Amino acid sequence: MNLLWDFRDVSPHADLPAMYQTFVGHELPNELVAAQGITRLLVETATGLSESHRSLLVRLANRLQETDRQSRQLAEVGRLLRGPAYEPGWPVEPVLRESLAQMSALSSPSDIVYTSHIEATMLQVSCAWFRRVIRELVHNAQQAIGIGRSGTIETEMMVRSGRCTVSVRDTGVGFTEKELATVVDPFQPGRRFRTQGPGLGFFLVRQILRRWKGLLRIDSNPGATCVSL
């Protein structure tokens, strides 16, 4: 049996992303689940613990659970981005309308009004990535308006000179200057929401647009935000 490894055309750092992806996607969640189990077992079975020490163990278990959730979502981002950036042309109008209907149905009860203006065209980018981008932008707009509050989310898609532009506008809380400065960084909340999340939505949008060589623009003021791709 003969084995040959040819590393002449391979970057010395080529294996690092795969190694980190494997760790975040498989090893880290397993370790975090085990640590959660041990911590909660201590809370239930340890004798002689004061209430303050028991409270600290519960907080530790909760932090481990949150870290586990973030690592799994980051791993899911990695799996999504391993797919192809482009594919044969597909009609964007039905896909976009279906995505908007799903996001509207999955949202918490509220007084949000959804409108859309979509031009019929064909796209050759990844359909799965496109759906995910729309999901992230609409979810961000829903959170900006807030549960039980009235508002509007308007989605527009138009084609000019062979270039497709998709915009999502909302009447929720706007971005502050500080938030805009870091909005596409990982683990940064999009806006000052009361809900919790890993802060990976705009980071994922940024990663996808990099692969598509696209543009991202955010225009935001109190009560009005427009995100355009």
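Which residues lie nearest the centre of the second largest pocket? In this predicted model, the residues nearest that centre are Arg 163, Cys 164, Thr 165, Gly 214 and Leu 229, which belong to a lining of 24 residues. The space in the second largest pocket amounts to about 520 Å³. Several elements contribute to its lining, and β3 (122-125), α4 (127-145), β5 (163-170) and α6 (201-212) each supply at least two residues. By residue class, the lining of the second largest pocket comprises 15 nonpolar, six polar and three charged residues. Empty space of this kind is revealed when a probe the size of a water molecule is rolled over the atoms.

The chain as a whole contains six helices and seven strands, arranged from the N terminus in the succession α-α-β-α-β-β-α-β-β-α-α-β-β. Of the 229 residues in the chain, 35% are buried. When contacts in the chain between residues at least 6 apart in sequence are considered, 69% of them join residues at least 24 apart.

Five of the strands form an open sheet with mixed pairing, in the order β2-β4-β5-β7-β6. Because β2 (111-118) and β6 (217-221) stand at the edges and each have a single partner strand, one side of each is left without a neighbour in the sheet. From one strand to the next, the twist averages 10 degrees. In general, the strands of a sheet pair through backbone hydrogen bonds, in either a parallel or an antiparallel manner. At the β2 edge, β2 and β4 (residues 150-160) run parallel and are joined by eight bridges, with Ile 112 having Gly 151 of β4 as its bridge partner. Helix α3 (residues 92-106) packs on the sheet, where it touches β2 and β4, and the direction of α3 makes about 175 degrees with that of β2.

At the opposite end of the strand order, β6 and β7 (residues 224-228) run antiparallel and are joined by five bridges, and the bridge partner of Ile 218 in β7 is Val 227. The hairpin of β6 and β7 has two residues between the strands, and within this hairpin Gly 223 adopts a positive phi near 90 degrees. In a regular strand, side chains alternate between the two faces of the sheet. In β6, Ile 218 and Ser 220 form the covered face, whereas Arg 217, Asp 219 and Asn 221 form the uncovered one.

Positive phi values also occur in loops. Most residues other than glycine have a negative phi. Ser 161, although not a glycine, has a positive phi of about 55 degrees; Ser 161 is located in the loop between β4 and β5 and, with a relative accessible area of 84%, is exposed. Lys 213, likewise a residue other than glycine, has a positive phi near 60 degrees and is found in the loop between α6 and β6. The relative accessible area of Lys 213 is 71%, so this residue counts as exposed.

Further positions illustrate how parts of the chain that are separated in sequence are placed in space. Pro 84, in the loop between α2 (51-81) and β1 (86-91), is exposed, with a relative accessible area of 56%. Leaving aside residues up to four places away in sequence, Pro 84 touches Ser 126 and Trp 129. Between Pro 84 and Ala 128, which are 44 residues apart in sequence, the C-alpha to C-alpha distance is 9.7 Å.

Gly 146 occupies the loop between α4 and β4 and, because its relative accessibility is 18%, counts as buried. The C-alpha atom of Gly 146 is separated by 7.4 Å from that of Gly 172, a residue 26 places away along the chain. In helix α1 (residues 15-45), Gln 36 is also buried, with a relative accessible area of 11%. When residues up to four places away in sequence are not counted, Gln 36 touches Ala 61, Leu 64, Gln 65 and Asp 68.

Note on methods: Residues are numbered from 1 along each chain as its sequence is written. This is a predicted model: local features need pLDDT of at least 70, side-chain atom pairs count only at pLDDT 80 or more; totals for chains, interfaces and linings use all residues. Side-chain values use heavy atoms; hydrogens and water are left out. Two strands pair if DSSP finds at least two bridges between them. Helices (H or I, at least four residues) and strands (E, at least two) are DSSP runs, numbered from the N terminus. Axes are lines fitted to C-alpha atoms, for helices over the stretch in contact, and angles run from 0 to 180 degrees between N-to-C directions. Contact means heavy atoms within 4.5 Å. On a 1 Å grid over the protein atoms alone, a cavity is a set of points where a 1.4 Å probe fits but cannot get out, and a pocket is an open set with protein on both sides within 12 Å along at least five of seven lines; lining residues have an atom within 4 Å of a point. Grid points are joined across faces, edges and corners, and a volume is the space filled by probe spheres set on the points. Ala, Val, Leu, Ile, Met, Phe, Trp, Tyr, Cys and Pro count as nonpolar, Asp, Glu, Lys and Arg as charged, and the others, Gly among them, as polar. Buried means under 20% relative accessible area, exposed over 50%, partly exposed in between (1.4 Å probe, protein chains only).
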